[in-house]
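Good morning, everyone, and thank you for giving me a few minutes. I would like to walk through one chain with you, going slowly and explaining each term when it comes up. Please have a look at the picture first.

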Amino acid sequence: MRIDKFNAVRNLVGGDISCLGDIYTFHDGQTPPSDSEIDAEIIRLQAEWDAQEYARNRATAFPSW
């Protein structure tokens, strides 16, 4: 899975947001994050996803009974 900008923004600000292209609408009065904050969050979320690959593979190989 590739973490995208929308997921990073949503994770940073919380609340309800929508996106059309690169235009974000913040429905709950959130403060938009800076580009550097978004880039750092994408890197963090991607590293977190990648670190769990082993667990995801094990879960499919050995389903719970």
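Let me begin at Trp65, which is exposed, with a relative accessible area of 100%; here buried means under 20% relative accessible area, exposed means over 50%, and partly exposed is what lies in between, using a 1.4 Å probe and protein chains only. Trp65 lies in the segment after helix H3, which covers 53-61. From Trp65 to Pro33 the C-alpha to C-alpha distance is 43 Å, and the two are 32 residues apart in sequence.

Before going further, I should say that this is a predicted model, in which local features need pLDDT of at least 70 and side-chain atom pairs count only at pLDDT 80 or more, while totals for chains, interfaces and linings use all residues. Residues are numbered from 1 along each chain as its sequence is written, and side-chain values use heavy atoms, with hydrogens and water left out.

Now the overall layout. The chain has three helices and two strands, where helices (H or I, at least four residues) and strands (E, at least two) are DSSP runs numbered from the N terminus. Read from the N terminus, the elements follow the order α-β-β-α-α. The radius of gyration of the chain is 15 Å, well over the 11 Å that the globule rule gives for 65 residues, so the chain is more spread out than a compact globule; this radius is taken over C-alpha atoms, and the rule is 2.2 Å times the number of residues to the power 0.38. Along its principal axes, the C-alpha trace spans about 45 × 25 × 20 Å.

Of the 65 residues in the chain, 22% are buried. As for contacts, meaning heavy atoms within 4.5 Å, 40% of those with a separation of 6 or more are between residues 24 or more positions apart.

Which residues make up the largest nonpolar core? There are nine residues in it, namely Ile3, Ala8, Val9, Val13, Ile17, Tyr24, Ile38, Ile42 and Leu45, and by a nonpolar core I mean a set of buried Ala, Val, Leu, Ile, Met, Phe, Trp, Tyr and Cys residues joined through side-chain atoms within 4.5 Å. Helix H1 (5-13) and helix H2 (35-51) each supply at least two residues of this core. If we leave aside neighbours within four places in sequence, Ile3 is in contact with Ile42, Leu45 and Gln46.

Let us stay with H1 for a moment. Its buried residues are Asn7, Ala8, Val9 and Val13, and these pack against strand S1 (17-20), strand S2 (23-26) and H2. Arg10 also lies in helix H1, but at 42% relative accessibility Arg10 counts as partly exposed. A general point may help when you look at any helix: an α-helix has 3.6 residues a turn, so residues three or four places apart point the same way.

Is Glu41, over in helix H2, buried or exposed? Glu41 is buried, with a relative accessible area of 8%, and, not counting residues up to four places away in sequence, Glu41 touches Ala8, Asn11 and Leu12.

Two loop residues deserve a look as well. Gly14 is found in the loop between H1 and S1, and just after H1 this glycine takes a positive phi of about 65°. Gly14 is partly exposed, with a relative accessible area of 27%.

Pro33, the residue I compared with Trp65 at the start, sits in the loop between S2 and H2. At 16% relative accessibility, Pro33 counts as buried. Setting aside neighbours within four places in sequence, Pro33 is in contact with Val9, Leu12, Val13, Phe26 and Ile38. The C-alpha atoms of Pro33 and Ala8 are separated by 9.7 Å, with their positions 25 residues apart along the chain.

To close, then, I would ask you to find two places in the picture: Trp65, which is exposed, and Pro33, which counts as buried. Thank you, and I am happy to take questions.
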